[in-house]
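Please open the structure in your viewer and keep the sequence panel beside it. This tour suggests what to select next and then tells you what is there.

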Amino acid sequence: MGKLFGTDGVRGVANKYPMTAQMATKIGQAAAHILKKEGHRPIIAIGKDTRLSGYMLENALVAGITSMGADAIIIGPIPTPGIAFITANMDADAGMMISASHNPFEDNGIKIFSKKGLKLTDEQELQIEDFVFSEESQEIMAPPEKLGRAYRENDALGRYIVFLKHSLPRNLDLENMKIVLDCANGATYKVAPLLFKEMRADVTAINIEPDGMNINLNCGALHPEGLAEKVIETKADIGLAFDGDGDRLIVVDEKGNTLSGDQVIAICAKKLKEENKLKNNTLVTTIMSNMGLSIAMEKLGIKQLKTKVGDRYVLEEMQKVGAIIGGEDSGHIIFLEHHSTGDGILSALQLLSVVKSDNKTVSELAKVMEVFPQVTINVDVKSKPPLEDYPEITGSIKKAEEKLAGNGRVLVRYSGTQSMCRVMVEAPTREKTENIAREIAGIIKNNLG
């Protein structure tokens with residue numbers, strides 16, 4: 001039996017295994033069947049980003065769900081955190097998001113949320129996999145009179161906007177703030193400009209014309225260069241870049257400098273502590289967070305806990321220790337008092353509330369932490385064997401760590417969603433960081449490329 005679920009749902013190249021219409025139908029059937037065991041007719045909400053293959057996969061999921069006697073609510077383009085919210089808000093039994101997040105348009109994926117808007121546990125994913133790879137569906141599909149129904153929900157974006165506004169103090173608006181939005185030709189292209197305009201901001205929105213193939217293409221959170229240029233050109237107060245499915249945020253300050261997710265986390269954690277709202281005085285990040293964040297949190301007296309890479313692991317740790325803020329340097333930030341998952345627009349609103357209440361520029365607020373130069377090199381690999389089986393690779397990592405002598409770090413890991421090995425290095429100088437990263441990446445390429 002093949003394994004379907006990676007670190008962030010099922011993902012792959014559209015129209016190739018496992019992202020085929022046939023597999024999407026089976027996943028829809030599996031989710032509906034498992035939910036039917038709870039003794040009622042399940043309702044499953046389906047959202048998507050703007051990829052061309054979204055049409056195919058959306059229809060296949062609907063076919064699978066309805067064939068098992070469950071109902072489908074078709075939401076259309078909405079950010080991933082939007083579908084997590086809508087699932088709970090509409091009292092659906094589960095939510096499905098068709099997206100490959102920051103990946104190129106050729107890829108697509110399916111993420112599944114529980115009725116509470118949380119990602120599935122490993123055990124629940126295994127149940128779905130077991131059903132998908134069995135022949136059980138052929139025997140238990142619904143008879144004609146008990147087939148499910150599918151209908152479109154046209155008010156989802158409106159509901160989501162109201163929810164986002166409620167994450168802010170009631171009297172706060174964004175009047176007189178000049179904001180540039182980069183929606184990555186993705187799932188935020190409608191909802192983000194609408195929300196910020198409703199909040200009275202002076203909005204310039206770019207990359208809001210999706211054509212099915214331009215999602216994430218030289219734009220959005222992965223490529224904020226165009227956003228930085230537009231911020232300077234329009235003399236804006238801030239630039240906000242989202243990725244294809246809208247669950248991450250990258251910020252550009254008024255000077256055109258790009259802030260990392262860690263810097264946004266540091267600004268918001270500091271504010272929460274100052275207001276005595278930082279529950280258990282704890283912040284949760286991953287092992288990829290910048291050393292500068294750890295140093296800044298130590299100075300502020302904030303406890304920082306680190307998990308393995310993946311926002312689901314951050315969330316699990318936050319729930320375990322009672323933390324209300326956590327996230328990743330990539331821009332996935334979770335404000336647990338407001339939402340059950342990372343949300344780029346919500347994160348932007350939380351940052352903007354600090355800008356407004358402190359009456360400081362974004363560049364001033366960003367001084368809360370010094371960012372260590374960080375370089376990540378992605379090496380394409382043919383397979384993902386244990387790295388410890390390759391003495392040349394482990395030796396190069398050990399040698400690099402000895403060079404850094406505690407003033408930096410090296411992290412080498414496989415991507416959970418792509419055939420890549422990621423080499424991340426932090427060091428006091430850019431030159432040293434790049435040299436070490438290139439050296440390790442070259443050895444990995446020779447051994448695994």
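**The largest pocket**

Begin by selecting β16, the element that gives the most to the lining of the largest pocket, with 3 residues. As you look, keep in mind that this is a predicted model. Next, add β11 (258-259), α9 (261-274), α11 (311-321), β17 (409-414) and β18 (420-426) to the selection, since each of these, like β16 (374-380), supplies at least two residues of the lining. To find the middle of the largest pocket, select Arg 248, Met 288, Asp 329, Ser 330 and Arg 413, which lie nearest its centre among the 44 residues that line it. The space in this largest pocket comes to about 1400 Å³, and if you colour its lining by class you should find 13 nonpolar, 18 polar and 13 charged residues.

**The second largest pocket**

Now turn to the second largest pocket, which holds about 370 Å³ of space. Its lining has 18 residues, and those to select for its centre are Leu 272, Glu 275, Lys 277, Gln 350 and Ser 353, the closest to that point. Two elements, α9 and α12 (344-358), give two or more residues to this lining, and the largest share, 4 residues, comes from α12. Coloured by class, the lining of the second largest pocket divides into 9 nonpolar, 5 polar and 4 charged residues.

**Salt bridges**

Which charged side chains should you look at next? Side chains of opposite charge can pair when their charged atoms come close. A search of the whole structure finds 21 salt bridges, and a few of them make useful stops.

Stay with helix α9 and select Glu 274 and Lys 270, whose side chains meet in a salt bridge with an N to O distance of 2.7 Å. Because these two residues are 4 residues apart in helix α9, about one helical turn separates them. Glu 274 counts as partly exposed because its relative accessibility is 43%, and Lys 270 likewise counts as partly exposed, at 26%. Then select Lys 271, Glu 275, Lys 277 and Asp 358, which are joined into one network by salt bridges that share partners.

For the next stop, select Glu 58 and Lys 48, whose side chains form a salt bridge at 3.4 Å, N to O. Glu 58 lies in helix α2 (residues 54-67) and Lys 48 in strand β2 (residues 43-48), so this pair ties together parts that are 10 residues apart in sequence. Are Glu 58 and Lys 48 buried or exposed? Both of them are buried. Then select Arg 51 and Asp 49, which form a salt bridge whose closest N and O atoms are 2.7 Å apart; Arg 51 and Asp 49 are buried as well.

**A nonpolar patch on the surface**

Switch to a surface view and select Leu 52, Tyr 55 and Met 213, which together make a nonpolar surface patch of about 340 Å². Of these, Met 213 lies in the loop between β8 (202-206) and α8 (225-234), and it counts as partly exposed because its relative accessibility is 44%.

**The largest cavity and a distant pair**

The structure holds 3 cavities of 30 Å³ or more, and about 80 Å³ of space lies in the largest cavity. To outline the largest cavity, select its lining residues, including Phe 5, Gly 6, Thr 7, Lys 111, Glu 125 and Arg 312. By class, this lining has 3 nonpolar, 3 polar and 5 charged residues. Keep Gly 6 selected and add Thr 417: their C-alpha atoms are separated by 6.3 Å, although the two residues are 411 residues apart along the chain. Thr 417 has its place in the loop between β17 and β18.

**Backbone details in three loops**

Finish with the backbone, and first select Tyr 17 and Pro 18, which are joined by a cis peptide bond with omega near 5 degrees. Pro 18 is found in the loop between β1 (10-13) and α1 (21-36). Next, select Asn 176, which has a positive phi of about 70 degrees although it is not a glycine. Asn 176 lies in the loop between α6 (156-165) and β7 (178-182), and it counts as exposed, at 71% relative accessibility. As a last selection, take Arg 200 in the loop between α7 (191-198) and β8; its phi is also positive, near 75 degrees, and at 53% relative accessibility Arg 200 counts as exposed.

How values were computed. Residues numbered from 1 in each chain as written. Heavy atoms only, no water. Patch = residues over 30% accessible without salt bridge, like charges linked within 9 Å, V, L, I, M, F, W, Y side chains within 5 Å. Areas by Shrake-Rupley, 256 points an atom, 1.4 Å probe, with all protein chains shown as cover. Salt bridge = Lys/Arg side-chain N within 4 Å of Asp/Glu carboxyl O. Buried < 20%, exposed > 50% of the residue type's maximum accessible area, 1.4 Å probe, protein only. 1 Å grid on protein atoms, 1.4 Å probe; cavity = no way out; pocket = protein on both sides within 12 Å on 5 of 7 lines; lining within 4 Å. Points joined across faces, edges and corners; volume = space filled by probe spheres on them. Nonpolar A, V, L, I, M, F, W, Y, C, P; charged D, E, K, R; others polar.
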